[in-house]
Amino acid sequence: MGLDYGGLVAELRFESELLTNHLQELSFEHWGRATPAEGWSIQDQVSHLAFFDDATKLALTEPDNFVPQADKLVADGMDFPDRIAEQLRILAPEALMQWFVAARRDLLAAFAADDPKRRVPWFGPEMSVASSATARLMETWAHGHDIYEALGVQHPVSPGLRSIAHLGVSTFSFSHQLNGLAVPTEPVGVQLQSPEGELWSWGPQDAANKIVGSAQDFALTVTQRKHWTETGLTVAGPVAKGWMEVAQAFAGAASKRKPKVQQ
């Protein structure tokens, strides 16, 4: 089955509208509320999304200007997302909300008008426009999840879960290389269940290494919102378990979600 790029952009638009609708209801005090990401408030989560929406649009429309800016951020240290969040804490919530809404609107328009197969630069390896849109969907879902948890509300079901799960599978090699590990040659079968009960699969389903569970649990793992042992995923085989320890569907420095210590 070929790529449904229009459907992918629609998924990003849907997830964006879900998050925007929740943010527009927040009081001033809510913006400073801590999220599960250590040291990050709701305001930091939103400024992160807005900043990298603008960065993505620059990569799409002015790659020659994007590359030196990205190179400088990386050269100053791979903790640049934290540094950016700290610098943007001076913004008032109203101004931040206006920025996020405008940046996301402009980015959606840029994606809709672009060629999904065209290659564009990023902070890691270059990627296709379609992969860039998938990455923004994944980031919106993941940072949105942090915000929903901080607010104590259920994360609404996303039609983009399959795209996020596909990105998580596709970054198998990237996750190992980022952690200085050899990429395993043994295949891993992945079978996930959608919120509607549909089965999605990747890789040989008779493989000795296999991951089975809900699409949401897999997405939470590859976006490092939960350690796989804190989810309902069934992970069989050393290669599958090793992958879940380092799985990372986002660019940037290697990081790992450690399991919570049981009291």
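The questions and answers below cover a sheet and a pair of helices in a predicted model.

Visitor: What are the ground rules for reading this model?
Guide: Residues are numbered from 1 along each chain as its sequence is written, and side-chain values use heavy atoms, with hydrogens and water left out. The model is predicted, so local features need pLDDT of at least 70 and side-chain atom pairs count only at pLDDT 80 or more, while totals for chains, interfaces and linings use all residues.

Visitor: In what order do the strands of the open sheet stand?
Guide: Helices (H or I, at least four residues) and strands (E, at least two) are DSSP runs, numbered from the N terminus. Two strands pair if DSSP finds at least two bridges between them. The open sheet has 4 strands with mixed pairing, and their order is 4-3-5-6.

Visitor: Why is one side of strand 4 and of strand 6 left without a neighbour in the sheet?
Guide: Strands of a sheet pair through backbone hydrogen bonds, either parallel or antiparallel. Strand 4 (199-202) and strand 6 each have one side without a neighbour because each has a single partner strand and stands at the edge.

Visitor: Do strand 3 and strand 5 run parallel or antiparallel?
Guide: Strand 3 (residues 188-193) is joined to strand 5 (residues 209-214) by 6 bridges. One pair of bridge partners is glutamine 193 and serine 214 of strand 5. The two strands run parallel.

Visitor: Which residue of strand 6 is the bridge partner of lysine 210?
Guide: Strand 5 and strand 6 (residues 234-236) are antiparallel and joined by 3 bridges. In strand 6, the partner of lysine 210 is alanine 236.

Visitor: Which residue in strand 4 stands opposite valine 190?
Guide: Strand 3 and strand 4 pair over 4 bridges in the antiparallel sense. Opposite valine 190, in strand 4, stands tryptophan 202.

Visitor: Are helix 2 and helix 4 roughly parallel or roughly perpendicular?
Guide: Axes are lines fitted to C-alpha atoms, for helices over the stretch in contact, and angles run from 0 to 180 degrees between N-to-C directions. The axes of helix 2 (residues 42-61) and helix 4 (residues 80-87) come within 9 Å and cross at roughly 110°. Angles under 35 degrees count as roughly parallel, over 145 as roughly antiparallel, 65 to 115 as roughly perpendicular and the rest as oblique. Helix 2 is therefore, relative to helix 4, roughly perpendicular.

Visitor: Which residues of helix 4 make the contact with helix 2?
Guide: Contact means heavy atoms within 4.5 Å. Helix 2 contributes Asp44, Ser47, His48, Phe51 and Phe52. From helix 4 come Phe80, Pro81, Ile84 and Ala85.
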